Amino acid sequence: MKIVRRNRLRRGGFAGLRETRMVMSPRIFRTRREAGTLPGLGRFVYLADARFMPKGETRMHPHKEIDVISVMVEGRIKHEGSLQDGQELKEGTIQVQRAGGEGFTHNEINPDDTKNRMIQLWVLPETPGEPAAYQMFESVAGERIRVYGGKSDQKETFSSKTIIEIANVRKGDKIQQSGKSLVYVTTGRGKDSENMFREGDLIDSDDFSFTAEKDSSLIVVYQE
């Protein structure tokens, strides 16, 4: 098991936000990969924990042949772009944008006078050249939901062998993930038989186990 702690990594940012990059795959960043970051898992290549400044925004920018998953943790985001322009993300909302060969442009804006918090993940698609597409999900207290990945014969999520799930774990409850996984503790605190996990910890492990010491939210990434 390896634990990467957010407070030990470089805090950077761009435009109207500050962020800590936790996953930076050499497949994308090559020699620009930052020290201490993990390389990802399967086609999962990037994770950043960001806070937007009051009224901050990313500014309009393009993506192509990448799937972008945005997990809203605190506050709100106003979404602008070529896919579902005008959507609002609030705490517990997960936005999934597939760029495919068509590509998309977007700008994510904090409409409020206070900072917010959003986690962004990137996954390389299994099949190049797919059309651009958009999905949105709402996390549920005490439940674990899939927001990305699965077989091509289902339409609930974008198909991929890389699976992303949001697990909201109530105090005293336990979740497990067999096999290789990367798990990010978005909020809360928990433990296994040997380790304590806190908000901002990214855990690279086999056969992950987490018993919540307080209400917690986790991003669970693995392969199927």
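**Group meeting: a walk through the predicted model**

Of the 224 residues in this protein chain, 52% count as buried. Keep in mind that this is a predicted model.

Let me start with the overall build. The secondary structure comes to one helix and 19 strands. The radius of gyration is 16 Å, close to the 17 Å that the globule rule gives for 224 residues, so the chain is as compact as a globular protein of that length. Along the principal axes, the C-alpha atoms fill a box of roughly 45 × 45 × 40 Å.

Now the contacts across the chain. Take those between residues at least 6 apart in sequence: 70% of them join residues at least 24 apart.

Next, surface and charge. The accessible surface is about 10400 Å². Carbon and sulfur atoms account for 45% of that surface. On the charge side, there are 36 positive and 33 negative side chains. The centres of those two sets lie 5 Å apart.

On to the inside. Which residues touch the most other members of the largest nonpolar core? They are Phe44, Ile69, Leu121, Ile164 and Ile219, out of 28 residues in that core. Take Ile164 as the example. Set aside residues up to four places away in sequence. Ile164 then touches Ile69, Leu121 and Ile219. The rest of its list is Val123, Ile145, Arg146, Val147, Tyr148, Val220 and Val221.

Now some single residues. I'll begin with His79.

His79 sits in strand E7, residues 76-81. Buried or exposed, this His79? Its relative accessibility is 0%, so His79 counts as buried. Beyond its neighbours within four places in sequence, His79 is in contact with Gln84, Asp85, Gly86, Gln87 and Leu89. Its other contacts are Gln95, Gln97, His106, Asn107, Glu108 and Tyr134. Phe208 is not on that list. His79 and Phe208 are 129 residues apart in sequence, and their C-alpha atoms are 34 Å apart in space.

Glu19 next. You will find Glu19 in strand E3, residues 17-24. Its relative accessible area is 6%, under the 20% cut-off, so Glu19 is buried. What does Glu19 touch, not counting residues up to four places away? The list runs Arg10, Arg11, Gly12, Gly13 and Phe14, then Tyr46, Ala48, Asp49 and Ala50. One of these partners, Ala48, is 29 residues from Glu19 in sequence and 6.2 Å away, C-alpha to C-alpha.

Then there is Glu65. This residue is in the loop between E5 and strand E6, residues 67-74. Glu65 has 25% relative accessibility, so it counts as partly exposed. Leaving aside neighbours within four places, Glu65 is in contact with Ala99, Gly100 and Gly101. Leu124, Pro125, Pro128 and Gly129 are contacts of Glu65 as well. Val123 and Glu65 are 58 residues apart in sequence and 9.2 Å apart between C-alpha atoms.

Ala141 is another loop residue. It lies between strand E12, 133-138, and strand E13, 144-150. Why do we call Ala141 exposed? Because its relative accessible area is 54%, and exposed means over 50%. With neighbours within four places left aside, Ala141 is in contact with Asn168 and Arg170. Asn168 is 27 residues from Ala141 in sequence, yet 5.5 Å away in space by C-alpha.

Last, two backbone angles to look at. Most residues other than glycine have a negative phi. Ala15 has a positive phi, near 45°. Where is Ala15? It lies in the loop between strand E2, 11-14, and E3. Ala15 is partly exposed, at 41% relative accessibility.

Arg59 also has a positive phi, about 75°, although it is not a glycine. Its place is the loop between strand E4, 44-52, and strand E5, 61-63. At 55% relative accessibility, Arg59 counts as exposed.

To recap the single residues: His79 is buried at 0%, and Glu19 is buried at 6%. Glu65 is partly exposed. Ala141 is exposed.

How values were computed: Residues are numbered from 1 along each chain as its sequence is written. This is a predicted model: local features need pLDDT of at least 70, side-chain atom pairs count only at pLDDT 80 or more; totals for chains, interfaces and linings use all residues. Side-chain values use heavy atoms; hydrogens and water are left out. A nonpolar core is a set of buried Ala, Val, Leu, Ile, Met, Phe, Trp, Tyr and Cys residues joined through side-chain atoms within 4.5 Å. Buried means under 20% relative accessible area, exposed over 50%, partly exposed in between (1.4 Å probe, protein chains only). Contact means heavy atoms within 4.5 Å. Helices (H or I, at least four residues) and strands (E, at least two) are DSSP runs, numbered from the N terminus. The radius of gyration is taken over C-alpha atoms; the globule rule is 2.2 Å times the number of residues to the power 0.38. Accessible areas come from the Shrake-Rupley method with a 1.4 Å probe; for residues, only the protein chains shown count as cover. Lys and Arg count as positive and Asp and Glu as negative; His and the chain ends are not counted. The place of a charge is taken as NZ of Lys, CZ of Arg, CG of Asp or CD of Glu.
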